[in-house]
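Before any modelling work begins, it helps to have the ligand site and the ring contacts of a structure described in words. The report below is meant to be read beside the sequence and the coordinates.

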Amino acid sequence: MSDILDWTNADLDTLDMAAYAARAETMAARLREETGAGRLPFLTMPYEAALKKQLADLEGYLDRFEHMLLLGIGGSALGARALQKAFHPSQDRPGHRGKSLWIADNVDAYALTAYMDSLPPEKTVVVTVSKSGGTIETVGQYFIIKEWMKERLGDAWADNMLLVTDAEKGFLRGEADAYGIKALPVPDNLGGRYSVLSAVGLIPALFLSMDIDALLAGAREVADVLADPALSGETLAGTQAFRLAAWGAALMDKGFTEMIFFAYIPLWASFGDWFAQLWAESLGKEGKGSQPVPAVGVTDQHSVNQMFMDGVRNKACLFLTCPSLPDGPDFPEDLPDQFAYVRGKPFGELIRAEGLGTRMALSRSGVPLVEIRMGADGPRQAGKLIGLLGAATILTGWLMGINPLDQPAVELGKRLAKARMDADGLAEEKAHLAAFLNANRDEREF
Ligand code: PA5
């Protein structure tokens, strides 16, 4: 079965798609320039052959461990979690016996303590993932876990550590050099939220025995045409990534300030969080953008769906489905009359019917919607989805006139937190903090 984007309910005739389609030539030229200069490794994947070799070399080493504790945050964690939930669901189910991946992507003393109390250090590999090598939420956990490993394993502690970081610089690269810790690079110019198909997401994927070749091949199905040095405007205009980008930008022009990502592939729910970071950090710039809203079918039909259907009419939707999900067991035949409509039918028919019902209802409620209908729910399709949404996000940013590859606004909160912890310098931030904290507070007990 093919993978399809269904545009039937995208409300294209109400949007100024033509204005964006007219820019395909310019966008193709920019793609040629950026990919030619090596600035878009998300599309060109120049690191692929070396990475496959590095992963093959790691395989025997990873076999020694039962647990992987991944320390990372944002783009250094969300892709790995999406893959884990999609392709290693047994860890969340009763009776799990195989390997376990634990992703520590918060400053959560309960969780960190639980890992140290319960994980067997000799059977645990700790993978610290940080492109910059200096993200305090990640490196802070590394400091504590490193002490734990040293206490429990003595001189052998570094054997159970693995680093994924910049090839040349940063604190973690220094750790790799100083202690001989195995380290794989995050390729240059590959920002965190675009990096799941590098060592960042593929080391955990390898640990959980996923089909990495299929993931990469799926992404290439989308990326290769966009990375073609001879890409023409006409070819670009015909790609689904460009169409999605034109749609996304045209929607924003019309006041659609929210983009729902409604996943009707339950195991792929965490792709919603991955997409939310991708879309928000890439496109929320200069007062522009649309807020990504991850939702899961059918669960969220009973939570946030009322707002989607009848709240502010500012929402569009990417609706992810896979008609070939397994049927599961049949409903019994002897059900009460009130449930006669499911008697003897496969359990899986319910999600297909509910997905259709919700999709149609959203459409009728004025929510422009593109259905991303996957022909199967395997790793090739997941790679394809990653490629499609990443490419569409970059192109949407370009069409909006912003830079989809940076995230400058998130720095202020980080600087203020450092000022609060009394880091050197940061005089201005410290002054602002003092003013903020000394303002007349309006605090009431409840
Ligand atoms: O997408 C991004 O670039 C960010 O979300 C980063 O992934 C996140 O801030 C973590 O950064 P780092 O990998 O440098 O620790």
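The following paragraphs treat the ligand site, then the aromatic contacts, and finally two individual residues.

The coordinates belong to a predicted model, and every value given here was computed from them. Around the ligand there are 13 residues, and the closest of these are Ser 76, Ser 130, Ser 132, Thr 135 and Gln 277. When the residues of this shell are divided by character, 9 are polar, 3 are charged and 1 is nonpolar. Polar atoms of the protein approach oxygen atoms of the ligand from the backbone in the case of Lys 131, and from the side chain in the cases of Thr 135 and Glu 281. The distances are set out in the table.

| Residue | Polar atom of the protein | Distance to a ligand oxygen atom |
|---|---|---|
| Lys 131 | backbone | 2.8 Å |
| Thr 135 | side chain, N or O | 2.5 Å |
| Glu 281 | side chain, N or O | 3.0 Å |

Taken on its own, the ligand has 380 Å² of accessible area, of which the protein covers 89%.

Turning to the rings, the structure contains 18 aromatic pairs, and one aromatic cluster is formed by Phe 87, Trp 268, Phe 271 and Trp 274. Rings also receive charged groups: Lys 182 lies over the face of Tyr 61, at 4.3 Å from the ring centre, while the charged end of Lys 150 sits over the ring of Trp 157, 5.6 Å from the centre of that ring.

Two residues may be considered individually, beginning with Asn 314, which is found in the loop that runs between helix 14 (305-310) and strand 9 (315-321). Is Asn 314 buried or exposed? Asn 314 counts as buried because its relative accessibility is 11%, and the cut-off for that class is under 20%. The side chain of Asn 314 is joined to the side chain of Lys 315 by a polar contact of 2.9 Å.

Phe 143, by contrast in its setting, lies in helix 7, which spans residues 136-153. With a relative accessibility of 40%, Phe 143 counts as partly exposed, since that class takes in values between the 20% limit for buried residues and the 50% limit for exposed ones. Phe 143 and Arg 23 are 120 residues apart along the chain, and a distance of 49 Å separates their C-alpha atoms.

Methods: Residues numbered from 1 in each chain as written. Predicted model: local features only at pLDDT ≥ 70, side-chain atom pairs only at ≥ 80, totals over all residues. Heavy atoms only, no water. Phe/Tyr/Trp six-rings, centres within 6.5 Å; stacked < 30°, edge-to-face > 60°. Lys NZ or Arg CZ within 6 Å of the ring centre and 35° of its normal. Near = heavy atom within 4 Å. Polar contact = N/O pair within 3.5 Å; in protein donor to acceptor, adjacent residues only side chain to side chain. Areas by Shrake-Rupley, 256 points an atom, 1.4 Å probe, with all protein chains shown as cover. Nonpolar A, V, L, I, M, F, W, Y, C, P; charged D, E, K, R; others polar. Helix = DSSP H or I, 4+ residues; strand = E, 2+ residues; numbered from the N terminus. Buried < 20%, exposed > 50% of the residue type's maximum accessible area, 1.4 Å probe, protein only.
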